[in-house]
Amino acid sequence: MVDIYSLVFQAYEMRNAGAVIHSHGIESCLVTMINPLAKEFRITHMEMIKGIQGHGYYDELVVPIIENTAYEYELTESLAKAIEAYPKTTAVLVRNHGIYIWGDSWISAKTQAECYHYLFDAAIKLNQLGLDPSTPIHGPIQNVKGVLGSGIHRNISVNAGTAASDNKSDPSQRCIVLDIEGTTTPISFVTDVLFPYARNNVGRHLSATYDTAETQDDIKLLRSQVQDDLEKGVVGSVPIPLDDVGKEGVIAALVANVESMIKADRKITALKQLQGHIWRTGYEKKELEGVVFEDVPEALKKWHDSGIKVYIYSSGSRLAQRLIFGNSNYGDLREYLSGFFDTTVGNKRESSSYAEIVQSVGVDKPSQVLFVTDVFQEAVAAKEAGLEVIVSIRPGNGPLPENHGFKTVNSFSEI
C-alpha cells in the first residue's frame with residue numbers, strides 16, 4: 001500500500017490531481033510492447049482523444065512510457081521525471097505493467113481511463129493491420145528516410161541517408177512548426193478578410209445564436225474582459241448591461257466592445273473565442289474561404305509523406321487555425337497537420353513558449369524542431385529556446401532588421 005501511495009502522490013503533488021487511477025488493463029501493457037525501445041505512445045485523429053483533458057480530435061496525444069521495475073516503489077523517481085517532462089500529459093505508461101491516470105476528480109480520472117484504454121486498443125489493432133495511428137490519415141506504416149510509424153515514437157532521424165534498424169539507432173525525429181500570417185497565409189487575408197468579417201457580422205451572429213450555451217459562454221467571457229477593461233480605463237470599453245435590460249441592449253454593447261477590440265488588434269481569449277465562432281459560420285455558409293500560398297499544399301504533402309510531423313503555432317485560436325486549413329483555397333489540408341498550438345502555450349515572443357512546444361511534440365532536442373515565421377521577435381525567441389529557425393519572406397510582410405542573422409526563404413519549396 002505504501003508503494004502505491006508514494007507513486008500516486010506524485011500526481012497529487014505535481015499536478016494537483018483530485019483522483020488517480022492505476023490500471024493493469026491489458027491494452028496498456030500491450031501498447032508498450034509494440035516497440036520495446038519507445039519512450040512515448042502517440043496517436044492522433046481519433047474521436048476518443050476528445051475525452052482526454054486539454055485535447056481535441058485533431059491534436060496528437062502523447063503519453064510517456066517509463067520502464068518497469070521489480071518493486072513498485074522504485075518507479076517513483078522515473079514517474080516524477082515523466083510528469084515533469086510532459087506538462088500536458090494526464091497519464092504515464094509503465095512498460096509491461098500498466099498505467100497511472102489522473103484527473104481533477106474521480107469522474108475525470110475514470111472518464112479519461114476509459115478513453116485511454118480505448119485508444120490503446122485502437123492503436124494495437126491499427127498496428128496489426130499495418131496502419132499507423134500516429135499520422136492523421138492512419139495510412140500504412142512507413143519506413144521513409146528512416147521514419148517508422150506505429151503509434152509508438154521510434155525516434156528515427158528523417159535526415160538519415162538510409163533507414164536504420166529498429167533496434168540499432170540513437171534516434172531523433174524531426175518536426176516543423178509553422179506560423180500562419182505571413183508564412184502560410186498572406187497577412188492581408190487576416191487583416192482585410194477575417195477581421196472585417198468578424199466585425200461586420202458580430203451583431204448578426206449574436207442575435208441568431210444568443211440563447212445557445214456556446215454564445216452565452218462567449219458573452220460571459222466578454223463581460224469579464226470588459227469589466228476588467230473598464231476598471232483599467234481601457235479606451236473604447238463600454239459597460240454591458242444586465243440581461244434584464246433586454247437582448248438588444250446587451251448585443252449593442254457587445255458589438256461596440258468587439259469592434260473596439262478588433263480595431264486595437266487585441267489578442268485576448270474572449271475576443272478570439274467569439275471570432276472563431278463567427279468565422280466558423282462564415283465558412284459553413286461558404287462566405288469565407290481560407291487562403292494559403294500556392295507552395296504550401298505541395299510542401300505539406302511532401303513533409304507528411306516523408307514522415308515529418310508538421311504543427312501550426314499561431315496567435316489565433318486553434319479553432320480559427322483549423323478553419324483556415326480545413327476550408328482552404330486548395331481544399332482540406334488538415335490531414336497533413338499533426339496538431340495546432342495557440343497562445344495558451346505562451347506568448348509567441350517568449351522563448352518559454354517554444355520550450356513548451358518542444359515538450360509537447362516529444363523530440364529529444366529542441367534543435368530537432370524547425371520553426372518558420374515572418375516575425376523577427378518570434379524567430380529570436382525560438383532560437384533562444386534552441387529551435388532551428390527560418391524566416392519567411394512573403395508579399396506584404398514587414399521589413400526585417402539589417403544583419404538579422406537568420407536564413408530566409410521566399411517559398412516552402414526552398415525548405
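# Four residues and a recorded site

Biologist: Where does Lys272 sit?
Modeller: Lys272 is in helix 8, which covers residues 269–284. Keep in mind that this is a predicted model.

Biologist: Is Lys272 buried or exposed?
Modeller: Lys272 is buried.

Biologist: What about a salt bridge for Lys272? Which side chain of opposite charge is nearest?
Modeller: Lys272 has no salt bridge. The nearest side chain of opposite charge is Asp342, 5.8 Å away. A salt bridge needs the charged atoms within 4 Å.

Biologist: What does Lys272 touch, then?
Modeller: Leaving out residues up to four places away in sequence, Lys272 touches Lys267, Ser315, Gly316, Ser317 and Thr343.

Biologist: New topic. Which residues does UniProt list for "binding site"?
Modeller: The UniProt entry, which is unreviewed, lists Asp179, Glu181 and Asp374. These residues span 196 residues in sequence, but no two of their C-alpha atoms are more than 7.8 Å apart, so they gather at one spot. Of these residues, Glu181 is included in the lining of the second largest cavity.

Biologist: Where is Asp179?
Modeller: Asp179 lies in the loop between strand 8 (175–178) and helix 5 (187–209). Glu181 has its place in the loop between strand 8 and helix 5 too.

Biologist: Asp179 first: buried or exposed?
Modeller: Asp179 is buried, because its relative accessible area is 4% and the cut-off for buried is under 20%.

Biologist: And Glu181? How is that residue classed?
Modeller: Glu181 is partly exposed, with a relative accessible area of 23%.

Biologist: Which side chain does the side chain of Asp179 make a polar contact with?
Modeller: That of Lys348, at 2.6 Å. Beyond its neighbours within four places in sequence, Asp179 also has Asp374 among its contacts, along with others including Thr184, Tyr313 and Phe371.

Biologist: What is Glu181 in contact with?
Modeller: Not counting neighbours within four places in sequence, Glu181 is in contact with Ile187, Val190, Lys267, Ser315 and Asp374. Lys267 and Ser315 were also on the list for Lys272.

Biologist: Switching again. Where is Tyr197?
Modeller: Tyr197 is in helix 5. Tyr197 counts as buried, at 12% relative accessibility.

Biologist: How far apart are Tyr197 and Ile278?
Modeller: In sequence, they are 81 residues apart. In space, Tyr197 and Ile278 are 8.3 Å apart, C-alpha to C-alpha.

Biologist: What does Tyr197 touch?
Modeller: Tyr197 touches Ile278. Its other contacts, leaving out residues up to four places away in sequence, are Arg204, Trp279, Gly282, Glu287 and Leu288.

Key. Residues numbered from 1 in each chain as written. Predicted model: local features only at pLDDT ≥ 70, side-chain atom pairs only at ≥ 80, totals over all residues. Heavy atoms only, no water. Helix = DSSP H or I, 4+ residues; strand = E, 2+ residues; numbered from the N terminus. Buried < 20%, exposed > 50% of the residue type's maximum accessible area, 1.4 Å probe, protein only. Lys, Arg positive; Asp, Glu negative; His and termini not counted. Contact = heavy atoms within 4.5 Å. UniProt positions renumbered as here; feature names shortened; annotations may be inferred. 1 Å grid on protein atoms, 1.4 Å probe; cavity = no way out; pocket = protein on both sides within 12 Å on 5 of 7 lines; lining within 4 Å. Polar contact = N/O pair within 3.5 Å; in protein donor to acceptor, adjacent residues only side chain to side chain.
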